[in-house]
Structures are given as C-alpha cells and as structure tokens.
Amino acid sequence: MTALEQAIAVLPRASSGELWATNEFVETDGTVDVTAIESVHGLDTDALEQTAERSLDELAAQTDAEPIVPIEDHQDIVDRRRKALCALGYDVRFRWQIASDRYSIINPQEAYQPIITALRRRGETGAFGWLSYRDWGGLLKLFVVCPGLKQVVSPPEEAVDIDDEDDIDALGGSRIWKAETADSDGDLVVYGGFETGYDFRGTQTLWTKPILYFPDSETIVPDTGQRYTRRHYGQATDADHERANDRVPISEWWASIYDDVETRMVDVDETLRRARAITYDFEVLPFSAADCYRYWGIADTYAAVAADRATSLADPTSRPTVFNLQLSLLIALLEEYTGSWASNTYQEYLEVAGELLRTPAMMIQLAMQEHDRQVEDAGERVLAEGQQTLSDALEDIVEIPGIDIDTEAALSDREAQRLHDQVQQQLDDI
C-alpha cells in the first residue's frame, strides 16, 4: 500500500499517435496476393471483375498497393513506455482505444489526479491505496481507502435469540456509532473507500464502485452502492468545456462518489452485525466448509485454504460465522492468488466475499441449491422441493438445519489480526 499520490504517479501518460493498418493481401515488395483475395468469404469477385471490366490480376497489376496503410480519420493512443519496450523486442500492442471526433483521450494520470483534489476538499488528506494493471497499463484496477470514513462496529450489548421475524428485526435495532472511540477487543473497525478502473481496449469508460476496508486484516470487500461509469466524450479534464456541454467535470464526479460512500457508511454497522450473527454448523449441514466455497464458484486451491482458516478461527471449529467465512476467503486469496489483481477471476472472488456480507441468506440458499443439484439421491437434498427462487430474507433461513442466527460472534477480530499479520505484509510490496 502507498499514498494515493504515489500510486497515481505510476500510471501511464497517453498521447495520440498515427494509426497504421497491416494489409495482409499485400506482400512486403508490393505484390498483391490475388489468390488470397479470391478466398475471402463474402467477397463476390466475379461481380467485381464484371463491374471493373478487368480481371483481378489486371487490377492488381495496375495498383500501387502498400503493405502498411495509414488511417487518416482515427488516431492511435500510445504511451512512451510501450515504445521503449517495443524497441527492446517485446510484443507490445499500442492501441488502447481508437480516437474519433466523439472520443476524447483521457490520460490515466489526468483522470485520477482529480481524486486527490476532491478528497482534500472533503478533509480527506490521508487517503491511500494500491493498484494492479496489465497489458502495459491498458487495464487498471485501483483501490482507494479513505481513513476519514471510519466506522467502529461494536458487538451487541446483549444476546438475542433469533427464531422468528421479530427477533430478526431486533438484530439491527440497537445500532451503535462510535467512530471516535478507541478500539477494544470486541470492536470491528472498517473504513470506506472505492475501487476504480479502466480498460482502454475498447470499453471507452472509467468506472468506480464502493468498497469496505478492514484495517485489522488489511482486506477489502466490495460494498453495495451505485456503480459509476464515465465515457470518454468531450474533454473530461476541462471543467469549463464539460459544463458548457451539460456534463459534470471529472473532479466533481469524483466528489459525488465520495459523498455516496460516506452516505453508505451509515448502514455498515448493521450489515456487519448481521454477518457476525449468522453461523454455519458444518456438523449439521450436508456438506463441508470447503465444499461450501466450491459451491460458490471458488477454485479448489483457495476453497481448501479458506475452509481451514475459517474452521480454525471458529469456536467451536465446526461453526464459523458469515463474517469469518468471508474474511477467511479474502485472506486465502492474499496467501495463494498469484495472478493479477486486475484479472476478472480475482474480481469475481472478491464479489463472492461481498455477496456474503450483502446477501447472506441468499448465499446460504445458493450453496444448498448447488448441493441439491449435485447429489443423486433425492433424500439428500436440503431445500424445499417446491423452492424455485432464492430469497435474501433472513426469516426464510431460520428453519434450515445447520444455520443458526444469534449475536455471538464466533470470530475474534483481534485474534484474526494477530494470526495473519505476517500474511498481510504482502500488501506492503504492492
């Protein structure tokens, strides 16, 4: 992790360049490959010869074709680092995106630098984060954490036995806001932030969405909230130009995203209290913790590590909480995932952890639905025979054997922090 200014400084600085196309029907000496042209699917060469009143060989002999063709009405978008790598013999694709009259080149640094200004205007001077990019900078994921959006979620003051809808309503009824109180063994600290990225290989958009960051374990999880996208029209970094064309300047765009995250933090404590109150009892459920992760689409390597961690932290070991399950998945990815954090696979795994917090009841039913789909014996199925859809209402899972809802957290956040401190040091190198 590093200061936000330093993270943004490593992004590419794009500029426009001439665009050329390779004509595969012309040899390097200018000879036209007529045979190859005749084999092009959908090209009626007979009609072409009739219209021109010449054969293809005659047309080819009269042309002054070049194997490299300039493109006059568009431009390439390049970066100096790509040119340097190309000069050293690396296979570098220069094109991030085709520029046209409607499209405006947005340098990544210029697009993300306004984040810093927007945060400082909100009093957020200590923002930090990390980024991952590939395709020589053409695909980026940037995580921004805002320490000013700190929420301390305290454990419930007294236990609530959940067995009907009224008790479920009471689960989030005693909300506690202690943002300025020192941490204690029972408190769970969480910061707000957002994940943002771009893909200059054709999407023509910047995007961002809220995240939650847990400093004790240095893990992130996608949060609920609006997903923002911004297409590359006009002159995004020119505020006067954007206002004149009824578009929000990019600095104001970032400020509105921060405000959305700040608003969402009000409801975070209830979400986390619920995640710490729902327990999976794998002595009762017809599948193991590792199978449960697999049912959610997690690869075997990460499923096994996450299951071992979740059960080792639970008390008793067979009954991890939802919060424990999602945290163990995040830490397993930190330990085992060797691919790019900008990859779609990694993002999908993060989304699973996010869904555990956002829709815990639906995720329980999803695992059971997948279990029922895989078993051959109808007597081993766990969901009601007539159930066709999944519900996120907690009252729909109260009667499911193996699922308990109370307010006793099976996972000590301080224990998790101490256990994984050395693992989290990996993030310092990002």
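Start with one pair of residues: Val153 stands opposite Leu188, a residue of strand β6. The model you are looking at is predicted. From this pair we can walk outward into the sheet.

Val153 belongs to strand β5, residues 139–153. Strand β5 and strand β6 run antiparallel, and 12 bridges join them. Now look at the other partner of β6. Strand β7, residues 205–214, also pairs with β6 in the antiparallel sense. Here there are 8 bridges. One of the contacts is easy to find: Tyr191 has Tyr213 of β7 as its bridge partner.

How many residues of strand β6 are buried? Strand β6 spans residues 188–199, and 12 of its 12 residues are buried. In a regular strand, side chains alternate between the two faces of the sheet. You can trace this along β6. Leu188, Val190, Gly192, Phe194, Thr196 and Tyr198 point one way. Val189, Tyr191, Gly193, Glu195, Gly197 and Asp199 point the other way. Both sets are buried.

Next, follow the chain past β7. Glu218 sits in the loop between β7 and β8, where β8 covers residues 219–222. Its backbone deserves a look. Most residues other than glycine have a negative phi, and most peptide bonds are trans. Glu218 has a positive phi, near 55°. Asp246 also has a positive phi, about 60°, although it is not a glycine. Find Asp246 in the loop between α8 (239–244) and α9 (250–264). Asp246 counts as exposed because its relative accessible area is 76%. For the peptide bond, go to Asp315 and Pro316. The bond from Asp315 to Pro316 is cis, with omega near 0°. Pro316 lies in the loop between α12 (300–313) and α13 (322–336).

Now turn to charged side chains. The structure holds 13 salt bridges. One of them joins Arg122 and Asp259, with N to O at 2.8 Å. Which parts of the chain does this pair tie together? Arg122 is in the loop between α6 (108–121) and β4 (128–134), while Asp259 is in helix α9, so the salt bridge ties together parts that are 137 residues apart in sequence. Arg122 is partly exposed, at 37% relative accessible area. Asp259 is partly exposed too, at 27%.

Another salt bridge links Glu242 and Arg247, whose closest N and O atoms are 3.1 Å apart. Is Glu242 buried or exposed? Glu242 is buried, because its relative accessible area is 0%. Arg247 is partly exposed, with 28% relative accessibility.

Asp300 and Arg294 form a further salt bridge, with the closest N and O atoms 2.7 Å apart. Asp300 has a relative accessible area of 49%, so it counts as partly exposed. Arg294 is partly exposed as well, at 32%. Some charges link up in a group. Lys209, Glu351, Glu355 and Arg358 are linked in a network of salt bridges.

Finish at the surface. Glu38, Asp44, Asp46, Asp57 and Glu58 gather there in a patch of negative charge. Take Asp44 as the example. Asp44 is in the loop between α2 (34–38) and α3 (45–52). Patch members need over 30% relative accessible area. Asp44 is partly exposed, with a relative accessible area of 48%.

Technical notes:
Residues are numbered from 1 along each chain as its sequence is written. This is a predicted model: local features need pLDDT of at least 70, side-chain atom pairs count only at pLDDT 80 or more; totals for chains, interfaces and linings use all residues. Side-chain values use heavy atoms; hydrogens and water are left out. Patches are made of residues with over 30% relative accessible area and no salt bridge: like charges are joined within 9 Å, nonpolar side chains (Val, Leu, Ile, Met, Phe, Trp, Tyr) within 5 Å. Accessible areas come from the Shrake-Rupley method with a 1.4 Å probe; for residues, only the protein chains shown count as cover. A salt bridge is a side-chain nitrogen of Lys or Arg within 4 Å of a carboxyl oxygen of Asp or Glu. Lys and Arg count as positive and Asp and Glu as negative; His and the chain ends are not counted. The place of a charge is taken as NZ of Lys, CZ of Arg, CG of Asp or CD of Glu. Helices (H or I, at least four residues) and strands (E, at least two) are DSSP runs, numbered from the N terminus. Buried means under 20% relative accessible area, exposed over 50%, partly exposed in between (1.4 Å probe, protein chains only). Two strands pair if DSSP finds at least two bridges between them.
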